[in-house]
Amino acid sequence: MGMKSSGQKKSSGEKRSKEDLDRIVARARQSLDERMKGYREQSLRIHPWVCARCGREFTAKNLHLLTVHHKDHNHENNPSDGSNWENLCLYCHDNEHRRFLDYEEGAGAGESEEPSKAATHKPFAKLAELLKPEKR
Ligand SMILES: [Zn+2]
Ligand SMILES: [Zn+2]
C-alpha cells in the first residue's frame, strides 16, 4: 500500500558535532606535538649535531637519535637563545635522567604520550647496534 518512502534516511547533524570534537582533540594534540618539536628543532638549529656528553656526531640520517635535554630539567624553561637546551644522544640523555632522580617528565603533564617508556628500557641495548655503524 502506501509504504513508498519509509526507507528514506534522514541525515542528522548530530554526528557532525562528534567529528568536530575529534578534530578539536586532534588539533590540540598536534599543536602540542608542534610545540615539543619546536624546541627540539630550534636547539638542533642553534647547537651542533653533536652529543654534548659523549661527543658522538650525528647526521640527517640518524638525527632522530639525538634528543634535546633541558639542563635544568624544566620543560617549561625554553629560552630562545637555547641556553637551557643541550643536545644529547639517547644514551647520554637516559643516563642524565637516571642520575637526576627528579625525572623531568614527571614534573609536568604529557606523560601519557609514552606510558611504556619506563618499562621498555631495553631498546637502548639495541641502540648500541644502531649507533655503531655510523662510526667507521
Ligand atoms: Zn652521548
Ligand atoms: Zn632531558
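**Exercise 1.** Is Arg53 buried, partly exposed or exposed, and what is its relative accessible area?

*Solution.* Remember that we are working with a predicted model.
- Step 1: Look up the relative accessible area of Arg53, which is 39%.
- Step 2: Compare this with the cut-offs: buried means under 20%, and exposed means over 50%.
- Step 3: Arg53 therefore counts as partly exposed.

**Exercise 2.** Find the salt-bridge partner of Arg53 and say where each residue sits.

*Solution.*
- Step 1: The partner is Glu86, with the closest N and O atoms 2.9 Å apart.
- Step 2: This pair joins distant parts of the chain, since Arg53 lies in the loop between α1 and β1, while Glu86 belongs to strand β2, 33 residues apart.
- Step 3: Glu86 is buried, at 16% relative accessible area.
- Step 4: Now widen the view: Arg53 and Glu86 belong to a network of salt bridges together with Glu96 and Arg99.

**Exercise 3.** Work through two salt bridges within helices: Asp20 with Arg23, and Arg98 with Asp94.

*Solution.*
- Step 1: Asp20 and Arg23 have their closest N and O atoms 3.9 Å apart. In helix α1 they are 3 residues apart, so about one helical turn separates them.
- Step 2: Both ends of this pair are partly exposed, Asp20 at 36% and Arg23 at 45%.
- Step 3: For Arg98 and Asp94, the closest N and O atoms are 2.6 Å apart. Here the spacing is 4 residues in helix α2, again about one helical turn.
- Step 4: Arg98 is partly exposed at 49%, whereas Asp94 is buried at 8%.

**Exercise 4.** How many salt bridges does a search of the whole structure find?

*Solution.* The search finds 6.

Technical notes: Residues are numbered from 1 along each chain as its sequence is written. Chains are lettered from A and ligands numbered from 1 in the order in which they are written. This is a predicted model: local features need pLDDT of at least 70, side-chain atom pairs count only at pLDDT 80 or more; totals for chains, interfaces and linings use all residues. Side-chain values use heavy atoms; hydrogens and water are left out. A salt bridge is a side-chain nitrogen of Lys or Arg within 4 Å of a carboxyl oxygen of Asp or Glu. Helices (H or I, at least four residues) and strands (E, at least two) are DSSP runs, numbered from the N terminus. Buried means under 20% relative accessible area, exposed over 50%, partly exposed in between (1.4 Å probe, protein chains only).
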